[in-house]
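Trainee: Please take me closely through one part of this model, the aromatic pairs, and then move on to what surrounds the main pocket.

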Amino acid sequence: DTAFYMPQLNRKRRIWIYLPEGYALSKKTYPVLYMHDGQNLFDALTSSYGEWGVDELMDSVPAKKQWIIVGIDHGNNQRLTEYNPFDSKFGKAEGDAYADFLAQTLKPYIDQRFRTKKEVANTAIAGSSMGGLISFYTEFKYPAIFSKAGVFSPSFWIAPQLFTAVQAQSTAGTAFFFVCG
C-alpha cells in the first residue's frame, strides 16, 4: 500500500509486503517480521542508504524457514522523531505513537489479511540505526506482541532515557539480537 493510514500519527506511509514463494498456492501460515526503513529493504531504486536485499535473502532460505516480511517506509524528515520514543534536540518524540501504530494497527491488519502465525513467538521486529532504536523500544513496550528484535547499530545515543526505562522493567521472555558496527 502506498498510502497506509497511521491513525496514531495522523499520516500515511507506504507499506511493503514480501510473501514467500508459493504463498498463493498453499494454505501454510507464516511468522512475520516487521522492518523499518522499508524503502531500503527490497529495491535499490527506492533506497537512500543501499538495498538490504531482504527479498533475495528470503528467496534463498528453505521453505520451512520462510517468513512474511512487512516493510514500513520511514518518514524522511520525520525519521528522527518518528523512530525516537523520547524528545531530543531533533524534535518532539513520536516513537511511542509509532510503536502503538505497529502493535495496534499494522499487526492486526496484517494478521487479518494474510495467513500469519499470530502468536508472539512468531512475531519479530528489526531495523538499523534509528530503526534499531525503535525496534528495541517496540519490543520493550509490547513484549506480549513482539518476542524478537533485530537491533542493528542502534542509535541509543539519541535516547539516553531508554536506559533508565529498561532498568525499571523486566524484558524476560523476549530475545534481542544486537549487531553493532
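Mentor: Start with the rule. Rings of Phe, Tyr and Trp (its six-membered ring) pair if their centres lie within 6.5 Å. Planes under 30 degrees apart count as stacked, over 60 as edge-to-face, and the rest as tilted. The model is predicted. By this rule the count comes to 19 aromatic pairs.

Take Tyr-137 and Phe-140. Their ring centres are 6.4 Å apart and their planes stand at 50°, so this pair is tilted. Both residues belong to helix α4 (residues 130-141), where being three residues apart separates them by about one helical turn. Tyr-137 is buried, and Phe-140 is buried too.

Now compare Phe-156 and Phe-163. Here the centres are 5.9 Å apart and the planes lie at 70°, so the pair is edge-to-face. Phe-156 is buried, since its relative accessible area is 17% and the cut-off for buried is under 20%. Phe-163 is partly exposed, with a relative accessible area of 47%.

Pairs can also chain together. Phe-4, Tyr-83, Tyr-98, Phe-101 and Tyr-109 are linked by ring pairs into a cluster. A charge joins the aromatic picture as well: Arg-115 lies over the face of Tyr-23, at 4.0 Å from the ring centre.

Next, the pocket. The largest pocket has a volume of about 420 Å³. It is lined by 18 residues, and the closest to its centre are Leu-33, Leu-57, Met-58, Ile-69 and Phe-152. The lining divides into 15 nonpolar residues, one polar and two charged. Four elements, β4 (32-36), α1 (54-60), β6 (123-128) and β7 (148-152), each supply at least two lining residues. The largest share, four residues, comes from β7.

Look harder at β4. Five of its five residues are buried. In a regular strand the side chains alternate between the two faces of the sheet. Val-32, Tyr-34 and His-36 sit on one side of β4, Leu-33 and Met-35 on the other, and all are buried, so both faces are covered.

β4 has strand partners as well. Five bridges join β4 to strand β5 (residues 68-72), and the two run parallel. Within that pairing, Val-32 stands opposite Ile-68. Four bridges join β4 to β6, again running parallel. There, Leu-33 stands opposite Ala-124. Leu-33 thus ties the two topics of strand and pocket: this β4 residue is also among the closest to the pocket centre.

Technical notes
Residues are numbered from 1 along each chain as its sequence is written. This is a predicted model: local features need pLDDT of at least 70, side-chain atom pairs count only at pLDDT 80 or more; totals for chains, interfaces and linings use all residues. Side-chain values use heavy atoms; hydrogens and water are left out. Buried means under 20% relative accessible area, exposed over 50%, partly exposed in between (1.4 Å probe, protein chains only). A charge sits over a ring if NZ of Lys or CZ of Arg is within 6 Å of the ring centre and within 35 degrees of the ring normal. On a 1 Å grid over the protein atoms alone, a cavity is a set of points where a 1.4 Å probe fits but cannot get out, and a pocket is an open set with protein on both sides within 12 Å along at least five of seven lines; lining residues have an atom within 4 Å of a point. Grid points are joined across faces, edges and corners, and a volume is the space filled by probe spheres set on the points. Ala, Val, Leu, Ile, Met, Phe, Trp, Tyr, Cys and Pro count as nonpolar, Asp, Glu, Lys and Arg as charged, and the others, Gly among them, as polar. Two strands pair if DSSP finds at least two bridges between them.
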